[in-house]
Amino acid sequence: MRATTITRAAAAAALAAAVLAGCGLGGTEKKSLAGKDSLVIGVKEDQPALGVKRPDGTYEGFDVDVATYIAGRLGVPKSRITWRTTNSSVREEALAKGTVDMIVATYSITPKRKMKVTFGGPYYVAHQDTFVRADAASIRDVRDLKDKRICEVRGSNSWRRVIEERKVAAKPVTVDTYGACMDALAAGRLDAVSTDDLILAGFAAGRPGRMINAPFTDEKYGVGLRKGDLKGCEEVNRAITAMYQDGTAERLLTKWFGKSGLKLTTSVPQFEGCT
């Protein structure tokens, strides 16, 4: 009987340990972002002025600078950040699997995404606009995209804003990245690229074409975190608040978009709340 009692006690202890690990008290899988001394951060690699991977393997852009600032406020210096290219189509999966600790990559907060991801922020509110070739004089508003070929990036919602929300019967052409969108536009395989104005401004700086300057949405750029990491979310929001209050946000926006002609917002965005 004594041996049986010991065996049962050992089994109970093992079960308790497993439960604690699953709750994040005894394992690393559920550890909050706020408790880490190093971070893997997901960013884009092909969005000029936002997230670009340079030939030497380093990353630069507004999102990269924002992520670096937030990490610093969390106690993680730049030397302990690992950057990982995370395209739109794999963002939720990367967070769920723990491939990345957080994502700062023009990641618009939506009700559907909030079912799978906890969002800090937003750290900026962009607006969807449309970029066309210089000879596309007939496209002046989102309604003019009817029957036009527009870009659909896998995992992005921008094309839905046109077709499903604005009920414009455009023709989506699917590609993997916004860089591919711009290449297709230049080659004549698309008539327009409609997405966030910051994304378009970055591409417009080095490509022929024009912004139609007719914004029609608010795109709340959030910091994507593992679902349920409320402590990490609260710390991220404190960091974003400090970024605006100490002038860093204005400096970074001016650095990357000051010459774009966009009207930039330099006040703290209204947070969504950590859920």
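This is a short tour of a predicted model, with a sheet, a helix pair and a pocket as its stops.

**Stop one: the sheet.** Start by selecting strands β5, β1, β6, β13 and β7, which lie in that order in an open sheet of 5 strands with mixed pairing. Now colour β5 (81-85) and β7 (117-126): they stand at the edges with a single partner strand each, so one side of each has no neighbour in the sheet. Next, zoom in on β1, residues 39-43, which pairs with β5 in the parallel sense over 5 bridges. Show the side chains of I41 and W83 here, since I41 stands opposite W83 in β5.

**Stop two: a helix across the sheet.** Add helix α2, residues 62-73. You will find α2 lying across β1, β5, β6 (102-103), β7 and β13 (219-226), and running at about 145° to β5.

**Stop three: a helix pair.** Keep α2 on screen and bring in α8, residues 230-245. The two axes come within 9 Å and cross at roughly 115°, and the crossing is right-handed. Which residues make the contact? On α2, pick V66, Y69, I70 and R73; on α8, pick V236, A239, I240, A242 and M243. Of these contact residues, 8 are nonpolar, 1 is charged and none is polar.

**Stop four: the largest pocket.** Finally, select K112, R113, G155, N157 and R160, the closest to the pocket's centre among its 18 lining residues. The volume of this pocket is about 440 Å³. Helix α4 (111-114), strand β9 (149-153) and helix α5 (158-165) each supply at least two lining residues, with the largest share, 5 residues, coming from α5. The lining comprises 9 charged, 6 polar and 3 nonpolar residues.

How values were computed
Residues numbered from 1 in each chain as written. Predicted model: local features only at pLDDT ≥ 70, side-chain atom pairs only at ≥ 80, totals over all residues. Heavy atoms only, no water. Axes fitted to C-alpha atoms, helices over the stretch in contact; angles between N-to-C directions. Helix = DSSP H or I, 4+ residues; strand = E, 2+ residues; numbered from the N terminus. Left-handed = near helix turned anticlockwise from the far one by under 90°. Contact = heavy atoms within 4.5 Å. Nonpolar A, V, L, I, M, F, W, Y, C, P; charged D, E, K, R; others polar. Pairing = 2+ DSSP bridges. 1 Å grid on protein atoms, 1.4 Å probe; cavity = no way out; pocket = protein on both sides within 12 Å on 5 of 7 lines; lining within 4 Å. Points joined across faces, edges and corners; volume = space filled by probe spheres on them.
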